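Work through these exercises with the model open beside you. Try each task before you read its solution.

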Amino acid sequence: MALRRARTLILLLALLVLAALARGVAVERLPIDYDEDDYLRAGQLLAEGLREGDLAIVTRSNYRPEHPPLQKLAIALAVLPLPPREPAPDVGTDAPPNADLPADLVRAARTGTAAFGILQAVVLGLLSPLAGMAVAVNSFHVKYTSQIMLESLPGLTSTLAVLAWLRWRRTRRRGWLAASAIALGLTAAGKYLYAVVGVAMLLDALLERRRANGRALLGWAALAALTFIAADPYLWPDPVGRLLASVFYHAGYAGGADVQRANFPFWQPFVWLAGSVPWSRPAFLFSLDLLINGLALLGLRRLWRRYRVMALWLAVGMAFLLVWPTKWPQYVLILATPIGMAAAEGIYALVDMLRGSRAPTQARRATWREGARALPWLLPGALALLILALLPLLYQLAVAMTDLSGQSLRDGLNGGVLRAGVGGWWGAAANSPFSLFSLQDPAGRAIETRFTGLRLIGEVLSGAFANQTWFSIMWTASSLTLSAVLGVSVALILNRPGLRYAGLWRALFVIPWAIPEFLGGVAWARLAEPGRGWLALGLGVNAPLGEGPAGVFLTQLLAGVWMGFPILMLTAATALKRITPEVYDSAALDGATGVSLLRGITLPLIAPLLAPALVVRGLIAFNQFYLFQPIGSPGGATTLASLAYGLAQSRSAPGRPGTLFAASAAIDVFIVIVLLIAVAALSRRARLAEGVGDA
Amino acid sequence: MRRLGARGQLLRQLVLALVGVFVIAPLWSLAYMAFDRSFLGRPTEFRLLPDEFSFELFGRVLDRAAQGVPFTTLLANTLVVAGGSALLALACGASMAYAFARMRFPGRRAGLFALLSGSLLPPIALVLPLYLILSVLGLRTTRLGLIVVYTAIALPFGVWNLRAAFQSVPREVEEAAAMDGAGFARTFVAITLPLAAPAIGLAAFVAFLGGYSEFALGWMFVDRADNVTLAMGLWNAITLAGADWNFMAAYALMMCAPVVAVFIALQRGLASGLLGGRIDV
């Protein structure tokens, strides 16, 4: 017992050091950002009153009243011991960052803010040390809790609310429920957005369907509301008016010019999660976000089973962020805790997966004798693959470790790639300043090829191309799912005995498969282009196909499904033919009809044949490229493979520098790594080995 | 299963018609222009059918499809390049695919994994290394060079599809041949190849289609108008000429029509070739 306690203590201590180190560096190194002057001013104004013993200032002063004052009070307390200064000037929310703020005030306020961020990681560590680690190194969390922002306190209290909630669920002691309510009230008084955690807790209780919950929940909600009002003294003089004013401000702001100008697509929150903070990179000790969020994806199922309220928190929070028009990067902090928990579960899931016994797929053991017999059969193909696939892969790996560009192409092709990319490991070539985060930087280009090592691949991994990374995932998942749904549905309809013209329909439906991919793209671009496309001219309106990343995504998706569904339809049709009528007859005897027949009999029977086709289509979709050329891809709404092509092209477009072969190669290597992991995971999970033939 | 009643029939036909519109609409929005010479440049009005029906545009495409080169030259180039790369890919990969389908040798799983990883590379990744290799061989700007490039793209999935094709042949048939004294190679040539022919044909067709529609890599290697393929020429017509929409439509139609015809003719056989592709790495 004592040993365990000591271990926990050491872990928490390590967590504290880790979280504090990351934020300490960030406090010192981060440049002044938007809004920091506003909240410093808010704190200074409060501090002025407090210094003179005027406690009632808290009911009068709340600079930027759209946000409740609790964290501003904390900032005030942090700057209180320092000598008073002129408050930061009063400027609009869209004013550029104010670089002239007094350094000592900034440091004090930031440190005070960061303390709550550190605490959040440590407190979460009580429940799961791994989750605490994930929050400790989350770069968005590090950034926005180390600046004078309003995120750290509600982040901490929302975490506390859920921890107390989990305790209540386990012990059913009212005290824990009350603690959860109080923490929730404080959360709302810190920043409204973080109160989504309350919805998650409510849903968790409702899903439990326990009658005794009803009254307890009423009390919980009432206590949370009371705490909120108590912790928001600015409301006291005019509760309804001031509350409504602040709420309506956000509705107006979401439709306002600031948000319009940013013009983020609805999926932007996922883009933030597809990488680390892309700005002020020296301020961050860790950029593991993509890795951690990938683990979180892996751990979702376990999270749902073990900590349902956390999974609900993640779902409700994400749903809100997707719907809400304002999509500032700091908003993803409301998900930091549940993502950390999911990532921890993801690590356990990964360990399970690696430990799990391999399914015995091979009936006979491979022998060396058979190996010798197979060799001549393998040789021609192996040789061709070696030259045409493996060699290019290795060469790309070498290029990805250089700074090869159009300027250094001559040197690179004449041995520079090998000298720098391979020789660089032995210190034979000079290091290069080239970075994927500053593609326009001329210092990154030189006449001779230089060594960059693993930096470029690391930069892709830490989110240099977060837009396209997320888009590739979203594109693969959505186009594949929709193609499969349409393909299987059509196959089911065509498979119905007695259906007329089935052959004719099938002949029509396979046509898109035979059309060259980019031509299909041209056709869809012609059909759906806003303003002057066929549909727009015919209907007089653009809807539903629009401009901007999200509008074009719809066109891309329709085109992708159009090209993708025929092959899946054919595969499903062939698989359906193998199901004998007797299966349905006996199922009908058991009373299975309609949906239950589909879910219980048909889909499981065609799944083994459909799965390999889906995997291959998925690989193709992830690297899809020709389709995006004619349709276009505004705002980075394109796949990594398209980006790799664009960066390597000789013709560069505005905002898109060309002939960056090293950047392109780094993306290629990243793609191969991601897909290898995906294939390995899928082949274990989906039991793809159960096909036909020698099964 | 119950008989399909009149209402059920109608409902299903309606759904299928909807899917049919989805399939046809984008194609038609492009294709009708090929028969219409009522406008020049970009269409500014909505039309369901050509306003001034004419075949004139097809003649223009036949005459000078891209940069003054006639359509037939481009078609010949395309057939040589796409056909050549498909055949080369299958010839290189066939015996390997068969070994993966039927033999149990050490490192088989790792081999399949390596094969798959070859297909994970985006096509653009092949440009620099192949540029080097082909330059050394002096083939860089030739049609033979293009065949090599497209073979590299077609090979991994080609082997994959071929493996599926061989797996679709029942093992019992091969075992029976072996019982009659035929060796491994003899069984392969005399029994498996003919039986797997439809599926092999499909794999070949898929590989062919890749080369038939590729343009982006092509433009990075070819530098003479005589060596250009149909897809490359069409891409040129779209991006460079830009404005000439009915010409582009006629070109696209002439490029697609033969493939679609072959496809519809073969579609009954297609399905049998799709089965058996398994990933047991």
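**Exercise 1. Decide whether Thr187(A) is buried or exposed, and find its surroundings.**

Step 1. Start with the cut-offs: buried means under 20% relative accessible area, exposed over 50%, and partly exposed in between (1.4 Å probe, protein chains only).
Step 2. Thr187(A) has 0% relative accessibility, so it counts as buried.
Step 3. Locate Thr187(A) in helix H9 (residues 174-190) of chain A. Helices (H or I, at least four residues) and strands (E, at least two) are DSSP runs, numbered from the N terminus.
Step 4. List the contacts of Thr187(A), leaving aside neighbours within four places in sequence: Pro154(A), Thr157(A), Ser158(A), Tyr194(A) and Ala195(A). Contact means heavy atoms within 4.5 Å.

A note on the source: this is a predicted model, where local features need pLDDT of at least 70, side-chain atom pairs count only at pLDDT 80 or more, and totals for chains, interfaces and linings use all residues. Residues are numbered from 1 along each chain as its sequence is written, chains are lettered from A and ligands numbered from 1 in the order in which they are written, and side-chain values use heavy atoms, with hydrogens and water left out.

**Exercise 2. Examine the phi angles of Arg64(A) and Ser280(A).**

Step 1. Recall the background: most residues other than glycine have a negative phi.
Step 2. Arg64(A) is not a glycine, yet its phi is positive, about 60°. Ser280(A) is not a glycine either, and its phi is about 40°.
Step 3. Place them. Arg64(A) sits in the loop between helix H3 (57-60) and helix H4 (70-79) of chain A. Ser280(A) belongs to the loop between helix H14 (268-273) and helix H15 (289-298) of chain A.
Step 4. Check accessibility. Arg64(A) has a relative accessible area of 13%, so it is buried. Ser280(A) has 26%, so it is partly exposed.

**Exercise 3. Which residues of helix H6 (residues 129-137) of chain A are buried, and what covers them?**

Step 1. The buried residues of H6 are Ala131(A), Gly132(A), Ala134(A), Val135(A), Ala136(A) and Val137(A).
Step 2. Their cover includes helix H1 (2-29), helix H5 (103-127), helix H7 (139-145), H15 and helix H18 (336-355) of chain A.

**Exercise 4. Find the largest nonpolar core and its best-connected residues.**

Step 1. Define it: a nonpolar core is a set of buried Ala, Val, Leu, Ile, Met, Phe, Trp, Tyr and Cys residues joined through side-chain atoms within 4.5 Å.
Step 2. The largest has 210 residues, and Phe465(A) and Phe509(A) have the most contacts inside it.
Step 3. Helix H27 (residues 548-577) of chain A gives the most to this core, with 16 residues.
Step 4. Beyond four places in sequence, Phe465(A) is in contact with residues including Leu436(A), Val460(A), Leu640(A) and Ile667(A).

**Exercise 5. Describe how chain A meets chain B.**

Step 1. Count the residues: 110 of chain A are in contact with 107 of chain B.
Step 2. Take the buried area, which is the accessible area (1.4 Å probe) that two parts lose on being put together, summed over both. Between these chains it is about 9,700 Å², and carbon and sulfur atoms give 76% of it.
Step 3. Helix H19 (residues 368-400) of chain A gives the most to the side of chain A that touches chain B, with 21 residues.

**Exercise 6. Summarise chain B.**

Step 1. Chain B has 11 helices and 0 strands.
Step 2. Of its 281 residues, 57% are buried.
Step 3. Its C-alpha trace spans about 70 × 70 × 30 Å along the principal axes.
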